[in-house]
Amino acid sequence: MSLDAKIPPGELSKKWSDYKSKVHLVNPANRRSIEVIVVGSGLAGSSAAATLAEMGYKVKVFCFQDSPRRAHSIAAQGGINAAKNYQNDGDSVYRLFYDTVKGGDYRSREANVHRLAEVSGNIIDQCVAQGVPFAREYGGLLSNRSFGGVQVQRTFYAAGQTGQQLLLGAYSALERQIGMGKIKMYSRHEMLDVVTIDGKARGIIARNLITGELERHFGHAVVLCTGGYGNVFYLSTNAMGSNVTAAWKAHKKGAFFGNPCYTQIHPTCIPVSGDHQSKLTLMSESLRNDGRIWVPKKKDDNRPANQIPEDERDYYLERRYPAFGNLVPRDVASRAAKERCDEGYGVGASKMAVYLDFASAIKRYGKIEANKHHLDNPTEAEVITLGKEIIKEKYGNLFDMYKQITGEDPYEVPMRIYPAVHYTMGGLWVDYNLMTTVPGMYALGECNFSDHGANRLGASALMQGLADGYFVIPYTIGDYLSGEIRTPAIPTDHQAFVDAENSVRERIEKLMNVKGKHSVDHFHKKLGKVMWNKCGMARNAQGLKEAIEEVQQIREEFWKDVRIPGSADEFNPELEKAGRLADFLELAELMCIDALDRNESCGGHFREEYQTEEGEALRDDENFAFVSAWEFKGDGNFELHKEPLVYENIKIAQRSYK
Amino acid sequence: MKLKLKVWRQQNSQSEGGFQTYDVDDISPDMSFLEMFDVLNERLINEGGDPIAFDHDCREGICGMCSMYINGRPHGPNRGVTTCQLHMRSFHDGESIVVEPWRASSFPVVKDLVVDRSAFDRIIAAGGFISVNTGNAQDANSIPIGKDIADSSFEAAACIGCGACVAACPNSSAALFTSAKISQLNQLPQGQPERYRRTLDMVHQMDKEGFGGCSNTGACEYECPKEISIENIARMNRDYIKASLCKD
């Protein structure tokens, strides 16, 4: 099967508008009899479902949480990018497009990224109209801040809770359609398989998590908005329930998986404190606007941070990357932190942390405030007090969260941070229409591979989720559904539904019948360690080969020795976890295979064998300027298809933030 | 640390529940409260027992899923903190801790510490939105909003919908939750066209779901992990009275 990305012809900046004026439409009367299933209720899912329902489609939405408002988009902190140029600092659609492609280390598809940049402004308009309370200036206009990898201020935010506010906006729109009877919501339901008929996606099998019943649901199209798979590493900033199951089931039913090895390790997370740790907490990238990252110049320096004089501190990001300083992209910042810690300069009890210090920002803001208040000779204490107030206004909730978790006060001592798994750029391969290789099955938001290449820039995930849901899928789905207006709803006693349900039931029974000795978490922690050590921030061929074997071994042990208490006919969180881990155990192998196959370093994928003399990622554009799209060929068997990446509007260059 | 836990166990919504006592040891003060439950559950599984069901997801205090009633207080002893952000350093060695689910007839128990909060979704579906279809919006900066109003709206919008307010209230009132959404939208210029209809519809839905009335005890504000202010209830009541008087 050959891959066709279906990129519209014509000049880059006109592709999307030309496409929109020519795409096939479904007339409003026909939309009423067309059913769409949306799986996942985060930014992509809620926005897609609400918009499709507004257009008149019959929509069903599924989420595993108790309410659609809980989806993990809610935890995004820093902001959302948009090329509004409200700050008059030279921003434009082209610049956002360019920054995103460069930030992705030239491994994303030009046409998709340009469309993303084009609709970015509409997202802000839509959210404000919905009542999303973005931060504002005293004049009543919207406020912006900077994020990593860019030199303009284009990030819109709502304190450190931007994801929450955007998701609640989309959730409001979703609930409005639910209230009007145009969307049927299925909370505490988990999709466990896709149903395909004559090669097209025609529905799903979902498990009611309260009763354990398996349900069959028909849809003319199935839209997956199920997020990323960072939890394959066990410890990540993802929610405990975040999983790959829906995407993986789709993969096994024919959807190719794109770039599975591209994982984003976020540089500023609270370090691991012990074996009991269940998840890691992010400290927003926005903190790098004001925080300065450093380690002591001396190895094994055990003095408290405040007692290390200025000239004995190594502000290594400012030293290595003077042009971008502390605001280099995430992959670069993470690797630099790892490098310092591996060399023995790390801080804290574990020595696997670096400082993120706000002392100079507090003083800087304090002086500005003192000037505003016409204090001519403020004492240092006055300056610090004034400065702390500004920092509190900007980052208060993050500082509180840090203190809550670590027991240390970041207003007084620098934060200790270390990189952690945060986001997965890889995901289901989709064409320009966001359709997977299974006709009628779409993937939106983090669960597709499309826009971020090998590294995602900060404040771009929210942008992509909402772009896909509000402004892309409503057009592109029409192109497919216009051919489906004569397809009546297929009854769910169709053999394909029966077969799919039976295979789901068999797998559940198989899991329940293992009756082994160890809990699901026992295996998940083991898997996480292998993935973090051998397929994490730095990878090499030897380690990846070992990892593949180790993953296979853990998978075998899991199926022989997992213990799931209770039964399948009741509310059973351990069974849910087991099903998800079983899928992670299959995905993990593919991630390692993909990482081993890609003999270059790019973005979040850093192969130790391929680096410049200065330790930067060394791409191989001659041999690897393609998307790896993997086809499932049976257990542990995957076939590679390549989508060449052609850059007509950007000159590919060695990424430099110096 | 060693602790004695008294935990509410209930098989499902139909069955009767009761407390069971567990001794846990080897608890580090750096663990979160939920990680302490992870340790206990791991042990229960290894012993062939039934682990305790509890709701949780993001574990960073924002999704609103975790919901434990600890020593008679929603989300435990600290103010402005969700259960998942509560750490064991807030307890002392040898302490007895009582853990229950949210208690309210509008939040039926699903299992153990897990309750059904879908009533909250239905309150939002009744009017917790601004009716603006995708694609209809004007340029974002064409609606200037004073910083004080934007900030006040944001403070109300910070509600995570966990239901601690209902659990804390002697009347099991959902006034704080409902008013937070009303207050977020009713303060904004975009929210004005539907202001009074929204207030009436959401309050009626709240009553229909069986939540009790507000009698100004203030327990909700005190226990809210996001410290949502009861000023929002005052705003809601003001708009509700106006809406009721002005109606036709």
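Begin by selecting A:G344 in this predicted model, where, just after helix α9 of chain A, the residue takes a positive phi of about 100°.

**The helix before A:G344**

Extend the selection back to α9(A), residues 330-342. With 13 residues at 1.5 Å a residue the helix should span 18 Å, and since its end C-alpha atoms are 18 Å apart, the model agrees with that expectation. Colour the helix by burial, and α9(A) proves to be mostly covered, with 11 of its 13 residues buried. Among the buried residues are A:R330, A:D331 and A:V332, as well as A:K338, A:R340 and A:C341. To see what covers them, add β11 (263-269), β12 (292-296), α8 (316-320), β14 (354-357) and β15 (415-424) of chain A, against which the buried residues of α9(A) pack.

**The sheet under the helix**

Now hide the helix and keep the strands, adding β13 (313-314) of chain A. In which order do the 5 strands of this open sheet run? They follow the order β11-β15-β14-β12-β13 in chain A, and the pairing is antiparallel. At the edges lie β11 and β13 of chain A, each of which pairs on one side only. Bring α9(A) back into view, and the helix can be seen packing on the sheet, where it touches β11, β12, β14 and β15 of chain A and where its direction makes about 65° with that of β11(A). Within the sheet, zoom in on β14(A) and β15(A), which pair in the antiparallel sense over 3 bridges; select A:Y355 and then A:R416 in β15(A), its bridge partner.

**The loop between β11 and β12**

Next, select A:L280, which has its place in the loop between β11 and β12 of chain A. Is this loop residue buried or exposed? A:L280 is buried, because 26 other C-beta atoms lie within 10 Å, whereas 20 or more are enough for a residue to count as buried. Setting aside its neighbours within four places in sequence, show the contacts of A:L280, which are A:L235, A:S236, A:T237, A:C269, A:I270, A:V272 and A:A420. For a sense of distance, draw a line from A:L280 to A:S360: the two are 80 residues apart in sequence, and their C-alpha atoms are 27 Å apart in space.

**The domains of chain A**

Zoom out and colour chain A by its domain assignment, which gives domain 1 (36-264 + 422-481), domain 2 (267-420) and domain 3 (493-624). The C-alpha centres of domain 1 and domain 2 of chain A lie 31 Å apart, and where these domains meet, 22 residues of domain 1 are in contact with 22 residues of domain 2. On the domain 1 side of that meeting place, the residues divide into 6 nonpolar, 15 polar and 1 charged.

**Crossing to chain B**

Show both chains and select the residues where they touch: 63 residues of chain A are in contact with 67 residues of chain B. On the chain A side, α3 (43-55), α5 (110-130), α6 (162-179), α11 (380-406), α12 (461-481) and α16 (573-597) each supply at least two residues, and the largest share, 9 residues, comes from α6(A). Coloured by class, this side of chain A has 24 nonpolar, 25 polar and 14 charged residues.

A place to step across is B:S131, which touches A:R176 and also B:E194, residues up to four places away in sequence not being counted. B:S131 sits in the loop between α2 (118-127) and α3 (147-157) of chain B, and it is partly exposed, because 17 other C-beta atoms lie within 10 Å. From B:S131, go to B:K147, which is 16 residues apart from it along the chain and separated from it by 23 Å between C-alpha atoms.

**Chain B as a whole**

Finally, display chain B alone, whose C-alpha atoms fill a box of roughly 65 × 35 × 35 Å along the principal axes. Chain B has 8 helices and 7 strands, and of its 248 residues 53% count as buried. Colour domain 1 (3-111) and domain 2 (117-246) separately; their centres, taken over C-alpha atoms, are separated by 29 Å. Between them, 18 residues of domain 1 are in contact with 17 residues of domain 2, and the domain 1 side divides into 8 nonpolar, 8 polar and 2 charged residues.

Note on methods:
Residues are numbered from 1 along each chain as its sequence is written. Chains are lettered from A and ligands numbered from 1 in the order in which they are written. This is a predicted model: local features need pLDDT of at least 70, side-chain atom pairs count only at pLDDT 80 or more; totals for chains, interfaces and linings use all residues. Helices (H or I, at least four residues) and strands (E, at least two) are DSSP runs, numbered from the N terminus. A residue is buried if 20 or more other C-beta atoms lie within 10 Å of its own, exposed if 12 or fewer, and partly exposed in between; C-beta atoms are placed from the backbone. Two residues are in contact if their C-beta atoms, placed from the backbone, lie within 7 Å. Domain bounds come from an automatic or database domain assignment. Ala, Val, Leu, Ile, Met, Phe, Trp, Tyr, Cys and Pro count as nonpolar, Asp, Glu, Lys and Arg as charged, and the others, Gly among them, as polar. The expected span of a helix is 1.5 Å times one less than its number of residues. Two strands pair if DSSP finds at least two bridges between them. Axes are lines fitted to C-alpha atoms, for helices over the stretch in contact, and angles run from 0 to 180 degrees between N-to-C directions.
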